[in-house]
Amino acid sequence: MTDSSRKAALVTGGSRGIGRSICAELAQAGYYVVVNYLQRADAAESTLAQVRAAGSDGELLQLDVREREACKRAVSELASRKDEIGPLEVLVNNAGLAADGLFPMMSGQKWDSVIDTSLDGFFNVTRPALKAMIRNRAGCIVNLSSVSGLVGNRGQVNYSAAKAGLIGATRSLAAEVARLGIRVNAVAPGLIETDMTREMPREMLKQLVPMNRIGRPEEVAKVVRFLCSEDASYITGQVIGVNGGMI
Ligand code: NDP
């Protein structure tokens with residue numbers, strides 16, 4: 001891709017797990033990749049090295065997606081560097097965390113941390129990015145939901161609420177901006193091998209999956225890459241499951 005045709009992609013939570021694989025896939029597709037992270041600068045540096053190894057370029061962006069004003073400032077600043085890094089054409093809202101617990105015992109802190117990161121994070125980052133996409137009449141947004149957002153899961157009332165909320169937001173925003181050349185979709189992974197699932201007993205997890213294995217981050221990332229590509233030009237407002245047949 002020449003510099004004049006370069007396009008930028010912002011991946012929230014790009015330092016580890018699924019987000020890291022998404023950064024690598026988008027780099028292979030030629031995007032200038034902005035790797036957002038919260039605190040693991042070392043891990044984010046490794047992701048950036050993978051982006052460069054894929055033949056593209058990018059940069060790190062330390063930013064807490066829960067911080068509305070900071071997101072507005074940082075994302076608007078990225079979008080204003082269109083001549084340098086290309087128009088901000090892809091946003092992947094991937095940052096997320098789980099804080100499980102049975103609902104009667106769930107603290108307000110656990111509720112807030114999950115909702116604030118997934119749902120407020122979506123709002124905080126997407127609004128400033130969308131403004132740039134509307135100006136450019138081009139854009140693609142992918143939100144990381146979860147199988148827990150499609151079906152209930154014991155101990156995950158907060159996480160399910162956040163991920164189901166993202167599905168509603170995806171469908172409504174897709175309807176709002178389709179005429180402006182902007183597509184919005186969600187990916188709903190099942191059980192994927194990352195830090196988020198590291199503590200969970202493998203044998204027990206595998207029994208929940210008809211394919212009898214945990215998914216790999218790149219199996220989610222390739223779907224995100226597809227959704228951001230021209231091959232998906234007529235797909236918007238959809239939720240794509242990547243779950244080994246769980247639902
Ligand atoms: P990981 O726990 O491996 O990584 C989480 C990422 O999010 C890290 O990059 C972390 O940054 C970043 N992050 C967390 N909080 C914030 C914040 N406030 N601001 C900015 N970045 C933040 O997660 P996964 O890769 O497993 O999950 C990625 C997404 O996929 C999540 O939305 C998750 O809910 C969803 N998902 C995951 C599944 C799984 O089985 N793993 C299944 C279904 C959905 P840092 O490194 O700096 O801490």
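Two strands count as a pair here if DSSP finds at least two bridges between them. With that in hand, here are some close-ups of this predicted model.

**View 1. Strand β4 and its partner β5.** Strand β4 (residues 88-93) and strand β5 (residues 139-144) pair in the parallel sense, with 4 bridges between them. To find your way along this pairing, look for N93, whose bridge partner in β5 is N143. Strand β4 is mostly covered, as 6 of its 6 residues are buried.

**View 2. Strand β4 and its partner β1.** Strand β4 also runs parallel to strand β1 (residues 8-11), and 4 bridges join these two. A handy landmark is L10, which has L91 as its bridge partner in β4.

**View 3. From β4 to β5 by way of a helix.** Helix α5 (residues 108-136) joins the picture here: together with β4 and β5 this helix makes a β-α-β unit, and the unit is right-handed.

**View 4. C140 and C228.** Why is there no bond from the sulfur of C140 to the closest cysteine sulfur? That closest sulfur belongs to C228 and lies 3.8 Å away, which is too far for a bond because a disulfide needs the two sulfur atoms within 2.5 Å. C140 is buried, at 4% relative accessibility.

**View 5. C71 and C23.** The sulfur of C71 has its closest cysteine sulfur in C23, but the distance is 16 Å, so a bond is out of reach. C71 is buried too, with a relative accessible area of 0%. If you are counting disulfides, the structure holds 0.

Conventions
Residues are numbered from 1 along each chain as its sequence is written. This is a predicted model: local features need pLDDT of at least 70, side-chain atom pairs count only at pLDDT 80 or more; totals for chains, interfaces and linings use all residues. Side-chain values use heavy atoms; hydrogens and water are left out. Buried means under 20% relative accessible area, exposed over 50%, partly exposed in between (1.4 Å probe, protein chains only). A crossover is right-handed if, with the strands pointing away from the viewer, the path from the first strand over the helix to the second runs clockwise.
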